[in-house]
Amino acid sequence: LVRHQIQDPKLNDPFSDDYIDKILENLRNVIIENNMDPMDLPPLDTGFSDTILGITWHGSAHLNNGHFWGLSTLARTGDTSFTVEGEKARLTAYIGITGASAHYDASAEFMGITVGAGVTADISDIQIFLDAEMVLTGGSGLQLTDFKISHLGHISVDVSGLGPLDWILEILVDFVDTFLKDWIVSLVEGPLKDLIQGLLDEYVPDI
C-alpha cells in the first residue's frame, strides 16, 4: 500500500492568488473585447388578470431592450488554495461579481390602458466557487471539476412608470427576480465556465 503525502491547503498562498488574479485579468479583457459587459438580456413576456364586477380581464407585460452590467468586475473574493496529492495538483478559489445590475424597458396593457415603464434590478453580489485539478506529468492545464454559484445575493427590483397599473408591481418584481436568478446561474455555469476553462488551458501553471 503506497500512501501519497498530502499537502495541507495553503490558504493565502501567493502562488495561487497570483495565478487566479492573472486568469481573471485576462478574463475581464476577454469579456470587454467580446462586448459582454453589458450583456443583452432576452425579451420577456408575462400575463396577469383581475376580476372586476365578476368578469375576469386579462392583461400582459412585455420587457425589451434588456441589459446586464457587471461581468467585467469579476475578481477574487476570498482565499485560494493549491495542493499537491501524488500526481495531481488541485486549485480552489472563490471569485465574485459585486454591484451587478440589469435594466429593461417595459410596457403593460390592461383593459385598453397601455403604460410604458422601466425595470431596474440591482444584484448585491454573486459568489462563485472554482475547483480545478491537473495531472502533473501530462503537460495539460487545470481542468475544472466544479464551477458554480456558492451565494447569490439579494436582487432588488424597482419598477417605475406603471401609473394606473401600479397594482401589477409585485407581479413584475417577482417575475423579473425569478428570471434573473435562473439567467445568472445559466450564465455562470455555461458561457462563463467555458471562458474560464479556455484560459486555464492557455495559461498552464509552472509547477
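1. Start with helix α1, residues 14-33, in this predicted model. Helices here are DSSP runs of H or I with at least four residues, numbered from the N terminus. The expected span is 1.5 Å times one less than the number of residues, so the 20 residues of α1 should span 28 Å, and the end C-alpha atoms are indeed 28 Å apart.

2. Which residues of α1 are buried (under 20% relative accessible area with a 1.4 Å probe, protein chains only)? They are S16, D17, Y19, I20, I23, L24, N26, L27 and I31. These residues pack against β4 (75-85), β5 (88-110), β6 (113-135) and α2 (169-202). After α1 comes N35, with a positive phi near 55°.

3. Now hop over to L195, which sits in helix α2. L195 is partly exposed (between 20% and 50%), because its relative accessible area is 22%. L195 touches L27, V30, I31 and M36 (heavy atoms within 4.5 Å), leaving aside residues up to four places away in sequence. L195 and T114 are 81 residues apart in sequence, and their C-alpha atoms are 42 Å apart.

4. A word on confidence: pLDDT is the predictor's confidence in each residue, from 0 to 100. The protein's mean pLDDT is 91, and 94% of its residues reach 70 or more. Over residues 1-11, though, the pLDDT is below 50, and this stretch has 17 contacts in the model beyond near neighbours in sequence. Where pLDDT is low, the predicted coordinates should not be read in detail.

5. Some housekeeping: residues are numbered from 1 along each chain as its sequence is written, and side-chain values use heavy atoms, without hydrogens and water. Local features need pLDDT of at least 70, side-chain atom pairs count only at pLDDT 80 or more, and totals for chains, interfaces and linings use all residues.

Conventions
Helix = DSSP H or I, 4+ residues; strand = E, 2+ residues; numbered from the N terminus.
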